[in-house]
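User: Hi! I'd like to go through the reasoning behind some labels in this model. Could you take me through them?

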Amino acid sequence: MDGDNQTMVTEFLLLGLTGQPAKEEIVFGMFLWMYLVTVSGNLLIMLAISCDPHLHTPMYFFLANLSSVDISAPSVTVPKALVNHMLGSKSISYTECMTQIYFFIALSNMDGFLLSVMAYDRYVAICHPLHYTLMMRPRLCVLLVVVSWVITNLHALLHTLLMVRLTFCSRNAVRHFFCDPYPILKLSCSDTFINDLMVFTVAGLVFLTPFTCIVVSYAYIFSKVLKLQSAHGIRKALSTCGSHLTVVCLFYGSILGIYMHPSSTYTIQDTVATIIFTVVTPMVNPFIYSLRNRDIKGALRKIMLKS
């Protein structure tokens, strides 16, 4: 493209999900309600775990980290969309957009890594119960979380730097409520081959590694459970995995396939799936873990009685 005909983009326009003012009012109300529920629910989970000494175990340490990520992830995207709606604005600066992309990628991947670490924790608890304390030492638990943060942040930095190198010309309207990487890539007037290649290779590896860890962990778990003679033992083993499996299915069920195809084929179905794992999943996680977990319910009950 001739340089004289290029108008460099300094901001993007977030058009929302419907493009119709009346429907956007409904979307605003839903997003505000879901965000408040997400923050309050996950804060309660973190408070329950921190206040009850009986919950100071590896499983709940990872759950507290998951809750902190579930607060942070929607906080990267939803507040900006809500503020823009209240101000009657649709703009987001180029710098803000790139920042959203960075934290969106980092926190989304961190969710997957934490779910894989939690799956490994359940594998050790069920398949090696006598060695659980030795294998899941506090230092190892902290190390697993720290390494996960390092990997996800380096991965996010790579994709953000690749995004920054692109040129954005006259088109700057995004049919979304935040700077989702794929819709932004579609606006670029540069060649996005390298970006798409990195999605298929590096991003695919970062996505599939925790997913594979989860699958392998549960393969061993189910193999162990099937060998149990007692029906009570089977129910007890599966009950410790029920909440985690539900969250895994919800998270990976929505994210699988969205970012594993070229950016040019991004559709409205992908937008809906993105909303599920960025807004809906963090909101329902506290309910899944609290409704199916006696320890969490007991800790929350103690907090309410003290207050």
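Analyst: Gladly, and keep in mind that this is a predicted model. A pocket is a good place to begin: helix 1 (21-51) and helix 2 (58-87) each supply at least two residues of the lining of the second largest pocket.

User: Which helix gives the largest share of that lining?

Analyst: Helix 1 does, with six residues. The whole lining has 20 residues, and Gly16, Glu24, Ala81, His85 and Lys90 lie nearest the centre of the pocket. Its volume is about 360 Å³.

User: What makes a residue such as Gly count as polar in the lining classes?

Analyst: The classes put Gly among the polar residues, so Gly16 falls in that group, while Glu24 and Lys90 count as charged. By class, the lining has nine nonpolar, eight polar and three charged residues.

User: Why is serine 217 called buried?

Analyst: Buried means under 20% relative accessible area. Serine 217 has 5% relative accessibility, so the label applies. This serine sits in helix 7 (residues 193-226), and it touches Ala119, Tyr120 and Tyr123, leaving aside residues up to four places away in sequence.

User: How do you know that strand 1 and strand 2 pair?

Analyst: Pairing needs at least two bridges. Three bridges join strand 1 (residues 11-14) to strand 2, so the two strands pair, and they run antiparallel. Phenylalanine 12, for example, has isoleucine 92 in strand 2 as its bridge partner.

User: What makes strand 2 an edge strand?

Analyst: The open sheet has the order 2-1-3, with mixed pairing. Strand 2 (91-93) and strand 3 (173-174) each pair on one side only.

Definitions and conventions. Residues numbered from 1 in each chain as written. Predicted model: local features only at pLDDT ≥ 70, side-chain atom pairs only at ≥ 80, totals over all residues. Heavy atoms only, no water. Helix = DSSP H or I, 4+ residues; strand = E, 2+ residues; numbered from the N terminus. Buried < 20%, exposed > 50% of the residue type's maximum accessible area, 1.4 Å probe, protein only. Contact = heavy atoms within 4.5 Å. 1 Å grid on protein atoms, 1.4 Å probe; cavity = no way out; pocket = protein on both sides within 12 Å on 5 of 7 lines; lining within 4 Å. Points joined across faces, edges and corners; volume = space filled by probe spheres on them.
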